[in-house]
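Let's take a walk through this structure together, going from single elements out to the whole chain and back again. Keep the viewer open as you read.

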Amino acid sequence: MLGGLLALPFAGVRAAKPGSANLPFALTPQSRAAALKAQVPEKLAAQVIRAAQKAVDRAVHLMEEVRTGGLLDGEGGRKESQQAQEDWRQARLQALAWRLSGEQAYLDNARKLALAWSRGYQPSFSPVDETELASLLMGVDLIQERLSASEREQLQAFCRTLASGYLSDPIKVGGPSTARNNWHSHRIKIGTAASYMTGDTALIARAKERFMAHVPRNIGEGGVPFDFEQRDALHYTTYSLEPLLTAALMAKNHGDDWFAAPGARRLREALAWLAPYAQGKKTHEEFANSAVPFDRKRVAAGQKGFTGNWDRTGAANVYLLASRFDAAYAPLTRELQPPAWALALF
């Protein structure tokens with residue numbers, strides 16, 4: 001089942017021509033959105049729908065400020081902010097469940113979440129806190145044809161704010177090293193999604209420029225990411241590569257292959273460097289020599305994933321995304337077993 005599904009999205013993407021009458025989109029053009037129900041295997045669709053059903057009556061957790069970065073469990077408003085971030089993921093999941101089932105309740109929930117956040121939230125431009133806003137926009141892709149013109153205008157204004165802020169120079173939030181590490185990868189992901197949603201060619205060009213400039217800063221010769229050198233952790237390696245690959249897939253779905261560009265060579269090298277760890281041929285003790293004090297704080301607190309060997313399933317989405325550019329990664333993707341929503345959407 002998974003082997004066949006890994007090949008399906010290519011056909012859907014090729015069918016969506018840039019400049020068509022479709023509404024602007026972040027990841028999924030209307031033509032592919034309409035084809036998802038037929039393309040996604042029934043067993044996989046059922047998994048997505050079951051997950052969405054658990055939160056079909058979810059209330060909106062709108063907050064003035066969403067912050068989880070730099071906080072341990074129980075500190076500050078971390079728990080409340082995690083609920084807010086889950087809203088953004090649920091917008092994507094509920095919209096996907098609607099496409100796969102046709103059930104109105106999922107559409108209503110996705111619409112409620114997307115409109116509440118785009119109307120009532122002022123972004124902080126802290127990328128580690130707001131990275132899942134890109135997930136919300138992926139959900140909007142799937143439902144926007146059912147929105148009114150005024151609702152789409154509201155979302156467009158929100159996306160313009162996100163794109164302008166996350167693609168700004170200088171960066172709005174974060175110290176100097178965040179212009180080189182995973183923070184900037186997440187800025188680019190959010191900015192790319194929002195730019196494509198606006199359809200503004202100048203913003204899209206800026207997103208591409210930021211992507212191409214960041215890859216060689218973020219990834220060293222031989223494919224070793226700066227995040228690995230800084231944090232001594234494959235957790236942060238995948239946390240930086242996944243948003244870059246997501247941005248590249250958005251571009252590919254618009255007919256522009258950033259991944260294959262000469263300037264993105266080191267992204268391809270990073271996937272090759274990481275592969276032996278993801279395959280289980282090599283292991284790595286996480287955060288043992290991290291240069292970041294907060295990592296030592298998390299180790300001392302016994303936070304899961306910050307001691308011991310890296311769990312290679314953490315690379316599942318990285319190699320699922322990579323397989324959309326290089327089919328040689330499809331066997332590794334099957335082995336790592338990405339979540340159902342990702343298999344259906346990517």
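A good place to start is helix 9: 16 of its 17 residues are buried, so this helix is largely enclosed by the rest of the structure. Please keep in mind that the model is a predicted one. How far apart are the end C-alpha atoms of helix 9? They are separated by 25 Å, which agrees with the 24 Å that 17 residues should span at 1.5 Å a residue. At the N-terminal end, helix 9 is capped by Asn-181, with a side-chain oxygen 3.0 Å from the backbone nitrogen of Trp-183. Just after the helix comes Gly-199, with a positive phi of about 75°.

Now step back along the chain into the loop that joins helix 8 (149-166) to helix 9 (182-198), where you will find Ala-179. Is Ala-179 buried or partly exposed? With a relative accessibility of 25%, it counts as partly exposed, because buried would require a value under 20%. Leaving aside residues up to four places away in sequence, Ala-179 touches Ile-171, His-184, Arg-187, His-214 and Arg-217. For the last of these partners, Arg-217, the C-alpha atom lies 8.7 Å from that of Ala-179, although 38 residues separate the two along the chain. The loop between helix 8 and helix 9 also holds Pro-170. The peptide bond leading into Pro-170 from Asp-169 is cis, and its omega is near 5°.

Next, look at helix 12, which covers residues 234-252. Its 19 residues should span 27 Å at 1.5 Å a residue, and the 26 Å between its end C-alpha atoms agrees with that. Helix 12 is mostly covered, with 15 of its 19 residues buried. In the loop between helix 11 (226-231) and helix 12 sits Asp-232. This residue has a positive phi of about 50° although it is not a glycine. Asp-232 counts as buried because its relative accessibility is 10%, and the cut-off for buried is under 20%.

Another backbone of this kind is found at Phe-125, where phi is near 70°, a positive value in a residue other than glycine. Phe-125 lies in the loop between helix 5 (104-120) and helix 6. Its relative accessibility is 10%, so Phe-125 counts as buried.

Follow the chain onward to the loop between helix 6 (127-130) and helix 7 (133-143), and you reach Glu-132. At 18% relative accessibility, Glu-132 counts as buried. Which residues does Glu-132 touch, not counting those up to four places away in sequence? They are Gln-85, Trp-88, Arg-89 and Arg-92. With Arg-89 there is also a polar contact between the two side chains, at 3.5 Å.

Helix 3 shows how burial can be arranged around a helix. This helix runs over residues 42-53, and its 12 residues reach 16 Å from the first C-alpha to the last, close to the 16 Å expected at 1.5 Å a residue. Its buried residues are Leu-44, Ala-45, Val-48 and Ala-52. Viewed down the axis of helix 3, these buried residues fall within an arc of 100°, so they line one face of the helix. On the other side of helix 3, the exposed residues are Glu-42, Lys-43 and Arg-50.

Finally, zoom out to the whole protein chain. It contains 17 helices and 0 strands. Along its principal axes, the C-alpha trace spans about 50 × 45 × 40 Å. How does the radius of gyration fit with a compact globule? For 346 residues such a globule would have a radius near 20 Å, and the 19 Å of the protein chain agrees. Of the 346 residues, 56% count as buried. Among contacts between residues at least 6 apart in sequence, 76% join residues at least 24 apart. As for the surface, the protein chain exposes about 14,200 Å², and carbon and sulfur atoms supply 51% of that area.

Methods:
Residues numbered from 1 in each chain as written. Predicted model: local features only at pLDDT ≥ 70, side-chain atom pairs only at ≥ 80, totals over all residues. Heavy atoms only, no water. Helix = DSSP H or I, 4+ residues; strand = E, 2+ residues; numbered from the N terminus. Expected span 1.5 Å × (residues − 1). Buried < 20%, exposed > 50% of the residue type's maximum accessible area, 1.4 Å probe, protein only. Polar contact = N/O pair within 3.5 Å; in protein donor to acceptor, adjacent residues only side chain to side chain. Contact = heavy atoms within 4.5 Å. Arc of directions from axis to C-beta. Rg over C-alpha atoms; globule rule 2.2 N^0.38 Å. Areas by Shrake-Rupley, 256 points an atom, 1.4 Å probe, with all protein chains shown as cover.
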